[in-house]
Amino acid sequence: QVQLVESGGGWVQAGGSLRLSCAASGRTLSTLTMAWFRQAPGKERQLVAAISWDGASTKYADSVKGRLTISRDIPKNTMYLQMESLAPEDTAIYYCAARTGSNVLGVYDYWGQGTQVIVSS
C-alpha cells in the first residue's frame, strides 16, 4: 500500500512562488508514475503535471507549461511541484497521486489528502 502526504500549500500573492511536496511511503518513487492534480471550487479535477516511473516522460497541462515544474528526489522518496508566476486561476486544492503503470495519462490508484493553494490578486 502506498501512502502519500502533501505539504507546502498556502496563500501567496499573484506573481509569487510556492513549492509543494509529496512524501511517499510503502513503495519507492522509482517504481511509481507520479502526478499532481488540482481541483478548483466548482470545477473538475485537472491533471497539472505528471512524471513517469523512470523519469523519462513528463506531461504538463497547457495552462501551467513554463510556470510549474514537476520533479522528484528518489533518495528522499519525495515528489515536488515548483510553482512560479502564480495567478489567481491557480487557486485550488492540489493532490498528489501515484500509479504503478508507466502511462502518465493512466488511472491513478493512490491519492494524498490534498493541500490548499490560494493565490490572491
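This report walks through a disulfide, some strands and the salt bridges of one structure.

The model is predicted, so local features need pLDDT of at least 70, side-chain atom pairs count only at pLDDT 80 or more, and totals for chains, interfaces and linings use all residues. Residues are numbered from 1 along each chain as its sequence is written, and side-chain values use heavy atoms, with hydrogens and water left out.

**The disulfide**

Let's start with the cysteines. A disulfide here is a pair of cysteine sulfur atoms within 2.5 Å, and that rule gives a count of one. The partners are C22 and C96, with 1.9 Å between their sulfur atoms. The link of C22 and C96 is left-handed, with -60° about the S-S bond. C22 sits in strand β3 (residues 18-25) and C96 in strand β9 (residues 92-99), so the bond ties together parts that are 74 residues apart in sequence. Strands and helices are DSSP runs numbered from the N terminus, with at least two residues (E) for a strand and at least four (H or I) for a helix.

Are these cysteines buried or exposed? Buried means under 20% relative accessible area, exposed means over 50%, and partly exposed is in between, using a 1.4 Å probe and protein chains only. C22 counts as buried because its relative accessibility is 0%, and C96 is buried at 0% as well.

**A loop residue**

T28 belongs to the loop between β3 and β4 (33-39). With 40% relative accessibility, T28 counts as partly exposed. Its C-alpha atom is 25 Å from that of I93, and the two residues are 65 apart along the chain.

**Strand β4 and its neighbours**

Now for β4 itself. Six of its seven residues are buried, so β4 is largely enclosed by the rest of the structure. Two strands pair if DSSP finds at least two bridges between them. β4 pairs with β9 in the antiparallel sense, over seven bridges, and T33 has R99 in β9 as its bridge partner. On top of that, β4 runs antiparallel to strand β5 (residues 46-51), joined to it by five bridges. Here R38 stands opposite Q46 in β5. The β4 and β5 strands make a hairpin with six residues between them, and G42 in the turn has a positive phi of about 75°.

**Salt bridges**

A salt bridge is a side-chain nitrogen of Lys or Arg within 4 Å of a carboxyl oxygen of Asp or Glu. How many are there by this rule? The count comes to three, and here they are:

| Pair | N to O distance | Burial |
|---|---|---|
| R38 and D90 | 2.9 Å | both buried |
| D62 and K65 | 3.1 Å | both exposed |
| R67 and D90 | 2.8 Å | both buried |

Take the R38 and D90 salt bridge, at 2.9 Å between the closest N and O atoms. This pair links distant parts of the chain, 52 residues apart: R38 is in strand β4, while D90 is in the loop between β8 (78-83) and β9.

Next comes the salt bridge of R67 and D90, at 2.8 Å. R67 lies in the loop between β6 (58-60) and β7 (68-73), and D90 in the loop between β8 and β9, so this pair ties together parts that are 23 residues apart in sequence. Thanks to shared partners, salt bridges join R38, R67 and D90 into one network.
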